[in-house]
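Here's a quick tour of one model, with a stop at its charged pairs and another at its main pocket. Have the viewer open while you read.

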Amino acid sequence: MDVINYYLQKQSALLRVSFSAKEREMFGQLEHELELHVPASEAWDLFGTLQIGKLVEKEMPHKFQKVELTEGDGGVGTILKLTFTPGVLGPASCKEKFTKIDNEKRIKESEVVEGGYLELGFTLFRIRFQVIEKGEDSSIIKSTIEYQVKEEDAANASLVSIQSVANIAQVAKNYLNRNKAAKEAN
């Protein structure tokens, strides 16, 4: 298989792009890491549940108009409908399905199953959050976007940005820090 790989390391983001001539699709992966000043178990209580969607809707109204549970209870198979705020570049909404939740390894994956990047020629758009224990009172949230796009729509790969999940990680960090400060004050 003829595959070309391209790597770019910039600050805390990593971009990897591959092209497969045989499959006529381009594959890409972007990563971001952010240190959290809370234990991994506390961070996972946020990222491993539906609570992260509620937080995003509340704290990021400039990006997300609504995050709606359409199917499931927060486990694998759960589907969320994300409605983006008018004026946000791209499709108006998408549906994401939780495809993996590993409470032991603290990994949660979701894939766009309707709308969003699928409307732009992508055949896969996956988001992964992994909470990594760093110390007793610290952890890292590693955010990853993986995608596949048809060769004829490869120019649309430039629309993929790690910034959206990096912003979600930062909002989560701020929320966790506020909660930690409130607990310490009591």
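## Starting point: Arg126

Let's start with an arginine: Arg126 counts as buried because its relative accessibility is 19%, and the cut-off for buried is under 20%. Keep in mind that this is a predicted model. Arg126 sits in strand β8.

What does Arg126 form a salt bridge with? The partner is Glu111, and the closest N and O atoms of the two are 2.9 Å apart. That pair links distant parts of the chain, with Arg126 in strand β8 and Glu111 in strand β7, 15 residues apart. The two side chains also make a polar contact, again at 2.9 Å. Arg126 has a polar contact with Glu146 too, side chain to side chain, at 2.6 Å.

Zoom out a little and you get a network of salt bridges that links Glu109, Glu111, Arg126, Arg128 and Glu146.

## The overall layout

The protein has 3 helices and 9 strands. Read from the N terminus, the order of the elements is β-β-β-α-α-β-β-β-β-β-β-α. There are 186 residues, and 42% of them count as buried.

One backbone detail to check in your viewer is Arg106, in the loop between β6 and β7. Arg106 isn't a glycine, yet its phi is positive, at about 55 degrees.

## Other charged pairs

Side chains of opposite charge can pair when their charged atoms come close. How many salt bridges does a search of the whole structure find? The search turns up 11.

One of them is between the side chains of Lys142 and Glu31, at 3.9 Å from N to O. This pair links distant parts of the chain: Lys142 is in strand β9 (residues 138-150) and Glu31 is in strand β3 (residues 25-36), 111 residues apart. As for burial, Lys142 counts as partly exposed because its relative accessibility is 21%, while Glu31 counts as buried at 15%. The line between those two labels is drawn at 20% relative accessible area.

Then there's Glu59 with Arg178, a salt bridge whose closest N and O atoms are 3.6 Å apart. Glu59 is in helix α2 and Arg178 in helix α3, so this pair ties together parts that are 119 residues apart in sequence. Is Glu59 buried or partly exposed? It counts as partly exposed, because its relative accessibility is 30%. Arg178 is partly exposed as well, with a relative accessible area of 42%.

## A buried glutamate with no salt bridge

Now for Glu96, which is found in strand β6. Glu96 is buried, yet it has no salt bridge. Which side chain of opposite charge is nearest to Glu96? That would be Lys108, 8.1 Å away. A salt bridge needs the nitrogen of Lys or Arg within 4 Å of a carboxyl oxygen, so Lys108 at 8.1 Å doesn't qualify.

Glu96 does have a polar partner, though: its side chain makes a polar contact with the side chain of Ser110, at 3.2 Å.

## The largest pocket

The largest pocket has a volume of about 920 Å³. It is lined by 37 residues, and the closest to its centre are Phe64, Phe84, Tyr117, Ile127 and Ser164. By class, the lining has 24 nonpolar, 9 polar and 4 charged residues.

Which elements each supply at least two residues of the lining? They are α2 (51-59), β4 (64-71), β5 (79-84), β6 (93-102), β7 (107-115), β8 (122-135) and α3 (163-185). Helix α3 gives the most, with 5 residues.

## One last pair, in strand β4

Finally, take a look at Gln65 in strand β4. With a relative accessible area of 47%, Gln65 is partly exposed, because exposed would mean over 50%. Gln65 and Leu82 are 17 residues apart in sequence, and their C-alpha atoms are 7.8 Å apart in space.

Key. Residues numbered from 1 in each chain as written. Predicted model: local features only at pLDDT ≥ 70, side-chain atom pairs only at ≥ 80, totals over all residues. Heavy atoms only, no water. 1 Å grid on protein atoms, 1.4 Å probe; cavity = no way out; pocket = protein on both sides within 12 Å on 5 of 7 lines; lining within 4 Å. Points joined across faces, edges and corners; volume = space filled by probe spheres on them. Helix = DSSP H or I, 4+ residues; strand = E, 2+ residues; numbered from the N terminus. Nonpolar A, V, L, I, M, F, W, Y, C, P; charged D, E, K, R; others polar. Buried < 20%, exposed > 50% of the residue type's maximum accessible area, 1.4 Å probe, protein only. Lys, Arg positive; Asp, Glu negative; His and termini not counted. Polar contact = N/O pair within 3.5 Å; in protein donor to acceptor, adjacent residues only side chain to side chain.
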